[in-house]
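Reader: Please take one part and go through it closely. I would like the largest pocket, with its lining and the side-chain contacts that bear on the elements around it.

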Amino acid sequence: MPLQNAAQLLSPVPPGCAAPRPAQLPAGLRPCSALRSSPPPPLFFSFFFFFFFPPPLSPLPVFLLLPSPRPVCMHCLSPKMVCETKIVAEDHDSIPGAKKDTIIVSSSQMWPTLSGSPSSPPAPLGTPKEEPKRDNVYIREFHPSEQEVVRRIFYEGIMERIPNTAFRGLKQQPLTQLLYALMAVMCFVVTKSFLLTCCLPIFLMGMRYYFSRKVILHYLDCALHTDMSDIEQYYMKPPGSCFWVAVLDGNVVGIVAARGNEEDNTVELRRMSVDSNYRGKGIAKALGRKVLEFAMLNNYSSVVLGTTAVKMAAHKLYESLGFKHVGVVEHYALPGMTHSLLERMFFQLRYHRYRLQLREE
């Protein structure tokens, strides 16, 4: 009897299972008996490799370094395992959750993080991801403690107009361009020198910058000594006027003022400027809408403004708020201009007027 049990254990086909039919294997493949006969890799080699070549921070599973188990054929398994495998393969629908229940596992659950920190629990399915909160800009009335910040923003905004007026403004002056071209031709005819002719445009641009800076600095000095010297007295106390600031992250980043005119029942939008580090966030448009809201609440019939800005972005902003371009004044004179011949030759300014009709009178 013991010999019979030993024979059954050594038999490749367990009792209760039919003997497999001999099949022709493709070239290069060996039957499972041949696989079993191949000896496993020596155990000392795995420990030798593991000792002299330690794994990285994110180690591979240790079982990859140990000797692989012997391949086992299905016919070499126990009858119970073979039968259970057959049941699972044939009666797949009888297993609850085999088709409907789907579990989604993220990569962070399958593999450990490199830093070794515990991974955050996965978000429940069907829950939308939270969008990052955008910067909130709010408009409020001016406070006297913000006088210096407001003056700085206004000063920097006006100083940007010096190079814009000197260089970009030349594109809007065709007669001035023709005059400069004639001067270059006359310089070449008189001197017969290409070098002097090429240096003439540099001299002309330098003169334009000089006179632009001179006139705009004088205008800036007048503004800082009139309404911008005492904003509370000039804009906050009189009826029909107000001054607002735009606040972002606790910092004042934009300014705008409104001054009413009771004679024609209009309100003028003035002193709009935004810090150069915070542009492109819709702050100027929010300031403009605040003035329109103020005009409607105080029953003004229209809002007017005038600008000498050269950049088209400023004009597009006013048009997006609903303003209509109603006219332009050529050779507009700023306070402090001397109207000399050189000043007229190297400094030209265009004044654009806009109007937004709120209601008919």
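Author: What follows covers the pocket, then the cavity, then ring pairs and salt bridges. This is a predicted model, where local features need pLDDT of at least 70, side-chain atom pairs count only at pLDDT 80 or more, and totals for chains, interfaces and linings use all residues. Residues are numbered from 1 along each chain as its sequence is written, and side-chain values use heavy atoms, with hydrogens and water left out.

Start with the space itself. Rolling a probe the size of a water molecule over the atoms shows where empty space is left. Here a 1 Å grid is laid over the protein atoms alone; a pocket is an open set of points with protein on both sides within 12 Å along at least five of seven lines, while a cavity is a set where a 1.4 Å probe fits but cannot get out. Lining residues have an atom within 4 Å of a point. Points are joined across faces, edges and corners, and a volume is the space filled by probe spheres set on them.

The largest pocket holds about 1,200 Å³ of space. It is lined by 43 residues, and Arg161, Met272, Thr307, Ala309 and Tyr318 are the closest to its centre. Which elements supply at least two residues each of the lining? They are helices H6 (147-159), H7 (161-166), H9 (194-224), H11 (283-297) and H12 (312-320), plus strands E4 (266-274) and E5 (302-307). Helices (H or I, at least four residues) and strands (E, at least two) are DSSP runs, numbered from the N terminus. Strand E4 gives the most, with 7 residues.

By class, the pocket lining has 23 nonpolar, 10 polar and 10 charged residues. Ala, Val, Leu, Ile, Met, Phe, Trp, Tyr, Cys and Pro count as nonpolar; Asp, Glu, Lys and Arg count as charged; the others, Gly among them, count as polar.

Now the closed space. The structure holds 1 cavity of 30 Å³ or more. The largest cavity has a volume of about 80 Å³. Its lining includes Thr165, Gly169, Thr308, Ala309 and His352. Ala309 thus appears in this lining and among the residues closest to the pocket centre. The cavity lining has 3 nonpolar, 7 polar and 1 charged residues.

Next, the rings. A pair of aromatic rings is described by the distance of the centres and the angle of the planes. Rings of Phe, Tyr and Trp (its six-membered ring) pair if their centres lie within 6.5 Å; planes under 30 degrees apart count as stacked, over 60 as edge-to-face and the rest as tilted. The structure holds 12 aromatic pairs. Phe167 and Tyr209 have ring centres 6.2 Å apart and planes at 15°, so this pair is stacked. Phe167 lies in the loop between H7 and helix H8 (174-191) and Tyr209 in helix H9, so the pair ties together parts 42 residues apart in sequence. Phe167 is partly exposed at 37% relative accessible area, and Tyr209 is partly exposed at 34%. Buried means under 20% relative accessible area, exposed over 50%, partly exposed in between (1.4 Å probe, protein chains only).

Tyr318 pairs with Tyr354 in a tilted arrangement, at 5.6 Å centre to centre and 55° between the planes. Tyr318 lies in helix H12 and Tyr354 in strand E7 (residues 351-357), so parts 36 residues apart in sequence are tied together. Both tyrosines, Tyr318 and Tyr354, are buried.

Last, the charges. Side chains of opposite charge can pair when their charged atoms come close. A salt bridge needs a side-chain nitrogen of Lys or Arg within 4 Å of a carboxyl oxygen of Asp or Glu. The count comes to 6 salt bridges. In strand E4, Arg271 pairs with Asp227 of the loop between H9 and helix H10 (231-236), and the two are 44 residues apart. Their closest N and O atoms are 2.9 Å apart. Both Arg271 and Asp227 are buried.

Helix H6 holds another bridge. Arg152 and Glu156 both lie in H6, 4 residues apart, about one turn of the helix. Their closest N and O atoms are 3.4 Å apart. Arg152 is partly exposed at 36% relative accessibility, and Glu156 is partly exposed at 32%. With Asp275, Arg152 and Glu156 are linked in a network of salt bridges.
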